Amino acid sequence: MLTSIYMIAITAEAMSGALAAGRRNMDLFGVALIAFLTALGGGTVRDILLGNFPVTWTQHPRYIYMTIAGGLMTIVIARFMRHLHQLFLVLDAIGLVAFTVIGCNVALKLGYDTVVVVMSGITTGIFGGILRDIMCNRTPQVLRHELYASVSLVVALLYLALLSHGVTENITLLAAFSVGLLLRMAAIHWKVSLPVFRYSQDRWD
């Protein structure tokens with residue numbers, strides 16, 4: 001089940017990357033590259049940081065084909081994307097939760113401490129979007145809009161807490177997905193975000 005959700009997630013993230021590239025008027029190579037980085041960048045950064053080699057997508061070439069195809073397909077259907085906005089918000093939320101859980105799983109199997117497992121989940125969940133925004137020369141959205149990275153944190157903590165209490169894997173996954181999706185969609189609907197730090201030297205003079 002998690003593998004199927006992962007396939008949906010990387011395709012959706014690839015398409016979001018392609019849209020960001022389109023807003024910057026990139027050529028076809030740029031669209032494909034940003035799509036790839038958005039979809040697989042988080043897992044790549046995670047594997048490098050954890051020393052988990054070879055990097056996951058190098059052993060599953062179909063992931064590369066899927067992300068590039070998703071990015072290029074976005075060019076064809078871009079005119080209809082505004083009608084699919086709500087669907088993409090849901091798919092993006094699914095991707096966030098799926099990537100977070102997968103990131104936690106990888107670190108757990110490698111025997112890392114809890115705090116590293118949590119950071120592995122968060123890195124996998126959000127770093128693709130960070131790479132996308134950096135490449136598109138804009139402040140990463142995950143750090144300035146409705147709850148996003150914090151949703152990944154909650155999912156990681158809940159996932160580990162349930163596993164530590166002996167809850168079965170299927171129930172743990174269901175609970176993590178349910179809470180993560182509800183929290184993310186609620187944050188979007190009610191525009192919930194963390195307090196913002198605004199620093200101005202003039203304020204302190």
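This is a short talk about one pocket and two residues in a predicted model.

Hi everyone, let's start with the empty space. The largest pocket holds about 740 Å³. It has 31 lining residues, and those closest to its centre are Ser16, His85, Leu89, Asp92 and Gln141. Which elements give two or more residues to that lining? They are α1 (2-23), α2 (28-50), α4 (85-109), α5 (114-135) and α7. Of these, α5 contributes the most, with 6 residues.

Keep Asp92 in mind, please, as we move to Arg184. You'll find Arg184 in helix α7, which covers residues 169-190. Here is something for the electrostatics fans: Arg184 is buried but makes no salt bridge. How far away is the nearest side chain of opposite charge? That side chain is Asp92, at 4.3 Å, and the salt-bridge cut-off is 4 Å, so the pair does not count as one. What the side chain of Arg184 does reach is the backbone oxygen of Glu146, at 3.5 Å. Setting aside neighbours within four places in sequence, Arg184 has contacts with Asp92, Ala93, Glu146, Leu147, Tyr148 and Val151.

My second residue is Ile34, over in helix α2. Why do we call Ile34 buried? Because its relative accessible area is 1%, and buried means under 20%. Apart from residues up to four places away in sequence, Ile34 touches Gly17, Ala21, Met26, Arg132, Met135 and Cys136. For a sense of distance, Ile34 and Tyr6 are 28 residues apart in sequence, and their C-alpha atoms are 18 Å apart in space.

That's my tour, thanks for listening!

Key:
Residues numbered from 1 in each chain as written. Predicted model: local features only at pLDDT ≥ 70, side-chain atom pairs only at ≥ 80, totals over all residues. Heavy atoms only, no water. Helix = DSSP H or I, 4+ residues; strand = E, 2+ residues; numbered from the N terminus. Buried < 20%, exposed > 50% of the residue type's maximum accessible area, 1.4 Å probe, protein only. Lys, Arg positive; Asp, Glu negative; His and termini not counted. Polar contact = N/O pair within 3.5 Å; in protein donor to acceptor, adjacent residues only side chain to side chain. Contact = heavy atoms within 4.5 Å. 1 Å grid on protein atoms, 1.4 Å probe; cavity = no way out; pocket = protein on both sides within 12 Å on 5 of 7 lines; lining within 4 Å. Points joined across faces, edges and corners; volume = space filled by probe spheres on them.
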